[in-house]
Amino acid sequence: MIRVFNHEIKEGERAYFTVPAGELAHKAVVQLPVIVVAGKKEGPVLWINGTVHGDELNGSYAAWELSGEIDPEQLSGTLVVTPICNPIAFECRNKISAIDNMDMDTAFPGDPEGMMTQRIAHLIYREIKANAGAVISFHTMATPYRADPYSVRKIIPGVSDSVNEVSEGMQRAFGVVTNCVVDLRGDTNELPGVTNGALDITCMKDGIPAFMGEMGQGGKVETEYVEAAKKGILNVMRYLKMLDGPVEKPGRQVLITKRRFLRSDKGGMIRMNVKSGDEVKAGESLLNLHYYGDEMESYPARTDCYVIGVRENPVVSTGDRVAFVGTEWRTW
């Protein structure tokens, strides 16, 4: 039996319930949906968290679908899903909450006396810390961008070798081609670079192995990427011995050890010449920039790079991000 948010779920049971998380000015109650699949056999608790940013849907959709497909009789341990952990941002179809303008993925472990985003983060993380043996935090790229699925794992000062080892094993088992490792012990080359309060980092500091699954584009449910997330979750569950069977891996995996955003130096409209997964040599054209009737101006790569994601919305101003690339990578 597992007790989550004061609900008891017995071995072999599947449960769905909502948890009151706050109240709006007109007295409407903010509810958190929770899904639990308790296996018949003993094993770890895998917690899947989604929609920490309100427009990130593919991973949440995958976990929701999969929770109805897994047979509790064949499951060792428990799967817990908080598919919409930021209901205010979800309602607004936005990354952040319209109530307090906070990014929930900078708010963990939360504050029971803070703003609503902090209070919801506290409510969720209290249960994660009490129950979870491993965590997958699902995200997507922001709505203007497109990327094939990729994973992100952090190396954090003070985290034990055993937690890092399991986190790495989960990430590799997830089975997507493109994988990032971000070493927070030094210069990360991250932009915007905010790391305090991220769910995966908070978990790892508390001894809970975790990684991020970045599943496609925000604001959409993309069937191909939902299926990729479901396959990845099943692989992680096999790695954690929650399900029988071998971990299915792709023919090739890439590990990116340094990455950065590329930004436009001018305003106008862009036409991308590369896509997610491309390896580009220095000097090759990443995109063309134009403004109605003007000649196309090429934007060359300044260094060799591996394309993680590209801008899909063509309208850019000076400083806008046009691509997300790895600058150091190797076959994993």
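A polar contact is taken here as a pair of N or O atoms within 3.5 Å, one able to donate a hydrogen and the other to accept it. I note at the outset that the model is predicted.

**Entry 1: D103**

I located D103 in the loop between α2 (87-92) and α3 (116-131). I then looked up its polar partners and found that the side chain of D103 reaches the backbone nitrogen of D105 at 2.9 Å. D103 is buried yet forms no salt bridge. I recorded K95 as the nearest side chain of opposite charge, 4.2 Å away; the cut-off for a salt bridge is 4 Å. Setting aside neighbours within four places in sequence, I listed H53, K95, I96 and T117 as the contacts of D103.

**Entry 2: strand β6**

I turned next to strand β6 (residues 76-82). Why is β6 described as largely enclosed by the rest of the structure? I found that 7 of its 7 residues are buried, so the description follows. On pairing, I noted that β4 (residues 29-38) runs antiparallel to β6 and is joined to it by 4 bridges, with I35 opposite V81. Strand β5 (residues 41-49) runs parallel to β6, with 6 bridges between them; L46 has L79 of β6 as its bridge partner. I traced the chain from β5 through helix α1 (residues 58-69) to β6 and recorded this β-α-β crossover as right-handed.

**Entry 3: P250**

I found P250 in the loop between α6 (223-239) and β12 (254-263). P250 is partly exposed, its relative accessible area being 27%. Beyond neighbours within four places in sequence, I listed its contacts as G175, V176 and V177. I also checked N273, 23 residues from P250 along the chain: their C-alpha atoms are separated by 26 Å.

How values were computed: Residues are numbered from 1 along each chain as its sequence is written. This is a predicted model: local features need pLDDT of at least 70, side-chain atom pairs count only at pLDDT 80 or more; totals for chains, interfaces and linings use all residues. Side-chain values use heavy atoms; hydrogens and water are left out. Helices (H or I, at least four residues) and strands (E, at least two) are DSSP runs, numbered from the N terminus. Buried means under 20% relative accessible area, exposed over 50%, partly exposed in between (1.4 Å probe, protein chains only). Lys and Arg count as positive and Asp and Glu as negative; His and the chain ends are not counted. Contact means heavy atoms within 4.5 Å. Two strands pair if DSSP finds at least two bridges between them. A crossover is right-handed if, with the strands pointing away from the viewer, the path from the first strand over the helix to the second runs clockwise.
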